[in-house]
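Welcome! Take a moment to turn the model around on your screen, then read on for a guided walk through its parts.

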Amino acid sequence: MPRAAVLPSIVIVGRPNVGKSTLFNAITGQRRAIVGDEPGITRDRIHGTAEYRGRRFELIDTGGIVPSDAEHIPAQILKQARVALERAAHVIFVIDGRTEITGADRDLARLLRQLGKPVTVAVNKIDAAAREDLVHEFYSLGFPDVMPVSAEHRNGIDDLLDHVTEGFERTGKEEPEERPRTIKVAIIGRPNVGKSTLLNALVGEERVIVSPVAGTTRDAVDIDISREGTDYVFVDTAGIRRKGKTKLMAEKLSVVMARRHIRMANVVLLVLDATEGVVGLDATIAGYADEEGRAIVICVNKWDAAPDRDRKAFEQKVRDGLKFLDYAPITFLSAKSGAGVDRIWPLVSEAYEAASQRVPTGELNRFLQSLRWEREAKLLYMTQPSVRPPTFVLFTDRPAELHFSDERYLANQIRKRFGFRGTPLVIKTRSRRGRK
């Protein structure tokens, strides 16, 4: 018997033109499926073999399914898809995240529920953080596992594969064969707080121009570092200035680029100047990272030159000035002398792991039942559809959103139970009877 026959099978289904073939190509790493804007390009089943973290599986791309369409070709596509679905270990139901749920989507969801197979809804074409709010509408299809992806840009593919291959047997190629993980780290802060000096201290050599003149770094500088089995990509961004002071186009562009690099990072190092304390611009810059949902480590630089080296008092000033970053760890260092720089590595790793952590739905619902909740809104159940940042969807019996204080209480309790140190949490509320 051929080996492919005994591999677990993952089947990609969805109505025409939602991006199934693009997802197939992204997972297999081959252009086996033709991709185009014309609906219905894929008519036959397309098979491929893929491997994710030592788990080999067969991947099947089906034609666009329209269950109620009486035309000959859609009927044949449905027949072909049924054959694949009958022996599927897992089904990826692809939905176009930029459109409303259609009747064909609901019909297909009904068909999939009847099969009794594990189904994950992949909400495709979610290529920006702002669009992730659209994902939660798709819980109405009746499947608990809903994940945002962008097949074209490969966003969310790892999280999707982590989930759908969970439980698959590993092949003989164990962990040493896997590529080391890569953590993208952006170093941000006001001009002249020591960002470039810190990067040089982390790299261990003079790779970045360091100057006491504020604003020396105009472009972002990428530097790759391998350390203890992990690859790091550090980005030293230009110092972000107040909007009123960014008169030159080059300076304005550097702010835009710095914000873009924050968006693309996994972890952000927010550098503060111990000799100047926490100022308003520090809070503005920190806000950019928090808004983008990035994991954050606060680095208090120039600690050896601080006028009053009382760590507890300074940490309280940081907490008072950056109240919204109460989840971020604080470390004190001198990039110039190298003192305390080594403490950054485990903090970056911890923040990345926290931002990547996913709590199973069963554990979340046991957590909800253990809460002492005395508000009017009844908490029904909770799921975690995505990571980086960890995002939770809470279903209640009320159409109104929870009060900010209630959301904060929930976030604090989630941290108390599950950790998540170093990363912001996003809590979305939905009514079981309607939309958010």
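## A helix across a sheet

Helix H4 (residues 103–115) lies across E1, E4 and strand E5 (119–124), and it runs at about 170 degrees to E4. Keep in mind that this is a predicted model.

Which sheet do these strands belong to? They are part of an open sheet of 6 strands in the order E2-E3-E1-E4-E5-E6, with mixed pairing. Strand E2 (46–52) and strand E6 (146–148) are the edge strands, each pairing on one side only. On average, neighbouring strands of this sheet are turned by 25 degrees against each other, direction ignored.

Look at strand E1 (residues 9–13) and strand E4 (residues 90–96): they run parallel and are joined by 4 bridges. One place to find this on your screen is Ile 12, whose bridge partner in E4 is Ile 92. Helix H2 (residues 20–28) also lies across part of this sheet, touching E1, E2, strand E3 (55–61) and E4, and it runs at about 160 degrees to E3.

## A second sheet

Now move along the chain to an open sheet of 3 strands, ordered E13-E14-E15, again with mixed pairing. Strand E13 (379–386) and strand E15 (426–431) each have a single partner strand, so one side of each is left without a neighbour in the sheet. The twist from one strand to the next averages 25 degrees.

Strand E14 (residues 391–396) and E15 run parallel, with 6 bridges between them. Here Phe 392 stands opposite Ile 427 in E15. Two helices lie across these strands. Helix H11 (residues 361–370) covers E13 and E14, at about 145 degrees to E13, while helix H12 (residues 404–418) lies across E13, E14 and E15, at about 125 degrees to E15.

## One residue in its surroundings

Thr 383 is a good residue to zoom in on, and you will find it in strand E13. Is Thr 383 buried or exposed? Its relative accessible area is 3%, so it counts as buried. The side chain of Thr 383 makes a polar contact of 3.1 Å with the side chain of Tyr 139. Leaving aside residues up to four places away in sequence, Thr 383 touches several others, including Pro 144, Leu 364 and Phe 392. Tyr 139 also belongs to a cluster in which ring pairs link it with Tyr 381 and Phe 395.

## Aromatic pairs

How many aromatic pairs does the structure hold? There are 13, and two of them are set out here.

| Pair | Centre to centre | Angle between planes | Type |
|---|---|---|---|
| Trp 303 and Phe 314 | 5.6 Å | 75 degrees | edge-to-face |
| Phe 367 and Phe 418 | 5.6 Å | 65 degrees | edge-to-face |

Trp 303 lies in the loop between strand E11 (295–301) and helix H9 (311–321), and Phe 314 lies in helix H9, so this pair ties together parts that are 11 residues apart in sequence. Both Trp 303 and Phe 314 are buried.

The other pair links distant parts of the chain, with Phe 367 in helix H11 and Phe 418 in helix H12, 51 residues apart. Phe 367 is buried at 2% relative accessibility, and Phe 418 is buried with a relative accessible area of 14%.

## The whole chain

Let us step back. The chain has 12 helices and 15 strands, and buried residues make up 50% of its 436 residues. Among contacts between residues at least 6 apart in sequence, 70% join residues at least 24 apart. The chain exposes about 21300 Å², of which carbon and sulfur atoms supply 47%.

How values were computed:
Residues are numbered from 1 along each chain as its sequence is written. This is a predicted model: local features need pLDDT of at least 70, side-chain atom pairs count only at pLDDT 80 or more; totals for chains, interfaces and linings use all residues. Side-chain values use heavy atoms; hydrogens and water are left out. Two strands pair if DSSP finds at least two bridges between them. Axes are lines fitted to C-alpha atoms, for helices over the stretch in contact, and angles run from 0 to 180 degrees between N-to-C directions. Contact means heavy atoms within 4.5 Å. Buried means under 20% relative accessible area, exposed over 50%, partly exposed in between (1.4 Å probe, protein chains only). Accessible areas come from the Shrake-Rupley method with a 1.4 Å probe; for residues, only the protein chains shown count as cover. A polar contact is a pair of N or O atoms within 3.5 Å; within protein, one must be able to donate a hydrogen and the other to accept it, and residues adjacent in sequence count only if both atoms are side-chain atoms. Rings of Phe, Tyr and Trp (its six-membered ring) pair if their centres lie within 6.5 Å; planes under 30 degrees apart count as stacked, over 60 as edge-to-face and the rest as tilted.
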